[in-house]
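Colleague: I would like to learn how to read the main features of this model. Where should we begin?

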Amino acid sequence: MERRTIGAAALGVGAVGLGCMPMSWAYSTSEQNGEESLRTVHAALDAGMSLLDTADMYGPFTNELLLGRVLRERRADAFVSTKCGLLVGENHIVANGRPGYVKRACDASLRRLQTDVIDLYQLHRPDPEIPVEETWGAMAELVSAGKVRSLGYCAVGARADRRGRTGERGRTPGVHDRTVGQLRRIQQVFPVSSVQAELSVWSREALETLLPWCMTRGIGFLAAMPLGNGYLSGTLTTGGGFEPDDVRARHPRFTGEMMAANQPVVAGLRRVARRHRGVGATPAQVALAWLLAKGPHVVPVPGTKKARWAAENAAAASLALTPQDLAEIDALPEAQGSWD
């Protein structure tokens, strides 16, 4: 698989990463299977998907424990990316960016992952009660201590940035303006190696300011939810429903009405895929290849808990879309329905 670089340290990773969250968190508990998840991680590494993206909150903690079972055998094959800064309660999630907590969280993640160093340590969300520079400074000390190789920042997301947006000189602020402001602040403390934010064919807000900001600075961009929570794969049944614990069961874009309304987006991906029938391209691969074409530092991180989907996602790295393909995808209609 093609290799891409993340940050000033030029850390190399496979062009497509593996999002590990669905194995332990947020998607259809009945379909979670530890042994199948282990096979999925091994299949991803075999295919060159070296970046394994997890977080201490997934499970919580069980996702890191699962990856640790693979890493104790294949640490040299993997680029380990985990996150800190969110605590999971019984019915709530809260941010904790206190320096002491961040350092304890890192030590706990190292133990669960069965490794002595984390390749990319990401701040999952900033704590509104702690200056983000303090949290980032504590994370930088982990690099100095040799426990972490590089630092990444997870964008707060379109939903949070839309709340409380205020005009500036008559201009409507971009969705990620607040995130860019925080990135400028922490960049003064320690280099940002990567930014993770949602970006896909049906959620393109990051193209406005966030991705350009990263590209001009050589910062890696990890495209989260690159397949639109599975919708862009074309494998979901419209109106099929989701298990109560599945995040999509409460998502405005996954009502039967909205899934039907957004079918033209998937239909467009299918049209492009048919032009690559010789290599057996799928809509999901087209969606990932579109992202890879957005810049040399873009690394889509599709989440899955099944080995066959990991193999399919990995193959997207070798799908060469034509200028006509890319223009056609760019021209697809905007997704309907609130993302909030």
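Modeller: Let us begin with one pair of strands, bearing in mind that the model is predicted. Strand 10 (residues 194–198) pairs with strand 11 (residues 220–224) in the parallel sense, over 5 bridges. Within this pair, Ala 197 has Ala 223 of strand 11 as its bridge partner.

Colleague: What is the order of the strands in the open sheet?

Modeller: The open sheet has 8 strands in the order 3-4-5-8-9-10-11-12, with parallel pairing. Strand 3 (18–19) and strand 12 (298–301) are its edge strands, each pairing on one side only.

Colleague: Which strands does helix 3 lie across, and at what angle does it run to strand 8?

Modeller: Helix 3 (residues 99–113) lies across strand 5 (79–84), strand 8 (118–123) and strand 9 (148–154), and runs at about 140 degrees to strand 8. Helix 4 (residues 132–144) also lies across strand 5, strand 8 and strand 9, running at about 155 degrees to strand 9.

Colleague: Which residues of the largest nonpolar core touch the most other members?

Modeller: That core has 82 residues, and those touching the most other members are Val 41, Leu 52, Tyr 121, Val 201, Leu 210, Phe 221 and Ile 329. Helix 10 (residues 283–292) supplies the largest share of this core, 8 residues. A second, separate core of 9 residues includes Ile 6, Leu 11, Val 13 and Val 301.

Colleague: What does Ile 329 touch, leaving aside residues up to four places away in sequence?

Modeller: Its contacts on that basis are Val 201, Arg 204, Leu 269, Val 272, Val 286, Trp 290 and Leu 321.

Colleague: Why is Cys 84 not in a bond with the closest cysteine sulfur?

Modeller: A disulfide covalently joins the sulfur atoms of two cysteines. The sulfur of Cys 84 is not bonded to the closest cysteine sulfur, in Cys 106, because the 7.7 Å between them is too far. The structure holds 0 disulfides. Cys 84 is buried, at 0% relative accessibility, and Cys 106 is also buried, with a relative accessible area of 0%.

Colleague: Finally, how should backbone geometry be read?

Modeller: Most peptide bonds are trans, and most residues other than glycine have a negative phi. Here the peptide bond from Gly 59 to Pro 60 is cis, with omega near -5 degrees. Pro 60 is placed in the loop between strand 4 (51–53) and helix 2 (62–74). Phe 61, found in the loop between strand 4 and helix 2, has a positive phi near 75 degrees, and is partly exposed at 41% relative accessibility. Gln 114, in the loop between helix 3 and strand 8, has a positive phi of about 55 degrees.

How values were computed:
Residues numbered from 1 in each chain as written. Predicted model: local features only at pLDDT ≥ 70, side-chain atom pairs only at ≥ 80, totals over all residues. Heavy atoms only, no water. Core = buried A, V, L, I, M, F, W, Y, C linked by side-chain atoms within 4.5 Å. Buried < 20%, exposed > 50% of the residue type's maximum accessible area, 1.4 Å probe, protein only. Helix = DSSP H or I, 4+ residues; strand = E, 2+ residues; numbered from the N terminus. Contact = heavy atoms within 4.5 Å. Pairing = 2+ DSSP bridges. Axes fitted to C-alpha atoms, helices over the stretch in contact; angles between N-to-C directions. Disulfide = S-S within 2.5 Å.
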